[in-house]
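Here are my notes on this one, jotted down while going through the model. Have the structure open next to you as you read.

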Amino acid sequence: AAGTEGAVRIQFRLPSGGRAVRRFLKTDSVKLLYSFVDDEAKDGQGRKLELKAGFPPKDVQALIDKTVGEASLAGESIQCRWL
């Protein structure tokens, strides 16, 4: 979605320690971030994901019913780990 109006960049620190960067639309659901990390990580084996953003880091789960724009996640670096 590079160059697409309403697209925002989000960086993820994956549970494995690797990094992934992806663009999302401001109108995309925060649930899509969980799906993206689950697909990228590939080693979850059914475990629950925890995503934290901001400083100090806050649990993204509280924002699950919002859009990326409503949750102010544009440009964030999101820490991801398995619980």
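1. A definition first, since point 5 leans on it: a salt bridge here is a side-chain nitrogen of Lys or Arg within 4 Å of a carboxyl oxygen of Asp or Glu. Buried means under 20% relative accessible area. Also keep in mind that this is a predicted model.

2. Start with the sheet. Five strands make up an open sheet with mixed pairing, and the order is E2-E1-E5-E3-E4. E2 and E4 sit at the edges with a single partner strand each, so one side of each has no neighbour in the sheet. E1 and E2 run antiparallel and are joined by seven bridges. If you want to check the register, Arg9 has Arg23 as its bridge partner in E2, and Ala7 has Leu25. The hairpin of E1 and E2 has five residues between the strands, and Gly17 takes a positive phi there, near 100 degrees. On the E5 side, E1 runs parallel to its partner, with three bridges between them. Phe12 stands opposite Ile78 in E5.

3. Now the core. Nonpolar side chains in soluble globular proteins tend to be buried together. In this model the largest nonpolar core has 23 residues, and those touching the most other members are Ile10, Phe12, Leu33, Val37, Leu51, Leu73 and Ile78. At least two core residues come from each of strand E1 (7-13), strand E2 (19-25), helix H1 (31-41), strand E3 (49-53) and strand E5 (77-82). Which element gives the most to this core? That would be H1, with five residues. For a close-up, pick Val37: leaving out residues up to four places away in sequence, Val37 touches Phe12, Leu14, Pro15, Leu49, Leu51 and Cys80.

4. On to the charges. Side chains of opposite charge can pair when their charged atoms come close. How many salt bridges does the structure hold? The count is two. One joins Arg81 to Glu50, with the closest N and O atoms 2.5 Å apart. Arg81 is in strand E5 and Glu50 in strand E3, so this pair ties together parts 31 residues apart in sequence. The two ends sit in different settings: Glu50 counts as buried at 11% relative accessibility, whereas Arg81 is partly exposed, with a relative accessible area of 46%. The other salt bridge is between Asp65 and Lys31, where the closest N and O atoms are 3.8 Å apart. This pair links distant parts of the chain, 34 residues apart: Asp65 is in the loop between strand E4 (58-59) and E5, and Lys31 is in helix H1. Asp65 counts as exposed at 66% relative accessibility, and Lys31 is partly exposed at 45%.

5. The residue I'd ask you to look at is Asp28, in the loop between E2 and H1. Asp28 is buried but has no salt bridge. How far away is the nearest side chain of opposite charge? That side chain is Arg22, at 5.2 Å, and the cut-off for a salt bridge is 4 Å. What the Asp28 side chain does reach is the backbone nitrogen of Leu25, at 2.9 Å. Setting aside residues up to four places away in sequence, Asp28 touches Lys66, Thr67 and Val68.

6. One last spot, Asp43, which lies in the loop between H1 and E3. Asp43 counts as partly exposed, at 29% relative accessibility. Asp43 and Trp82 are 39 residues apart in sequence, while their C-alpha atoms are 9.3 Å apart in space.

How values were computed. Residues numbered from 1 in each chain as written. Predicted model: local features only at pLDDT ≥ 70, side-chain atom pairs only at ≥ 80, totals over all residues. Heavy atoms only, no water. Core = buried A, V, L, I, M, F, W, Y, C linked by side-chain atoms within 4.5 Å. Buried < 20%, exposed > 50% of the residue type's maximum accessible area, 1.4 Å probe, protein only. Helix = DSSP H or I, 4+ residues; strand = E, 2+ residues; numbered from the N terminus. Contact = heavy atoms within 4.5 Å. Lys, Arg positive; Asp, Glu negative; His and termini not counted. Polar contact = N/O pair within 3.5 Å; in protein donor to acceptor, adjacent residues only side chain to side chain. Pairing = 2+ DSSP bridges.
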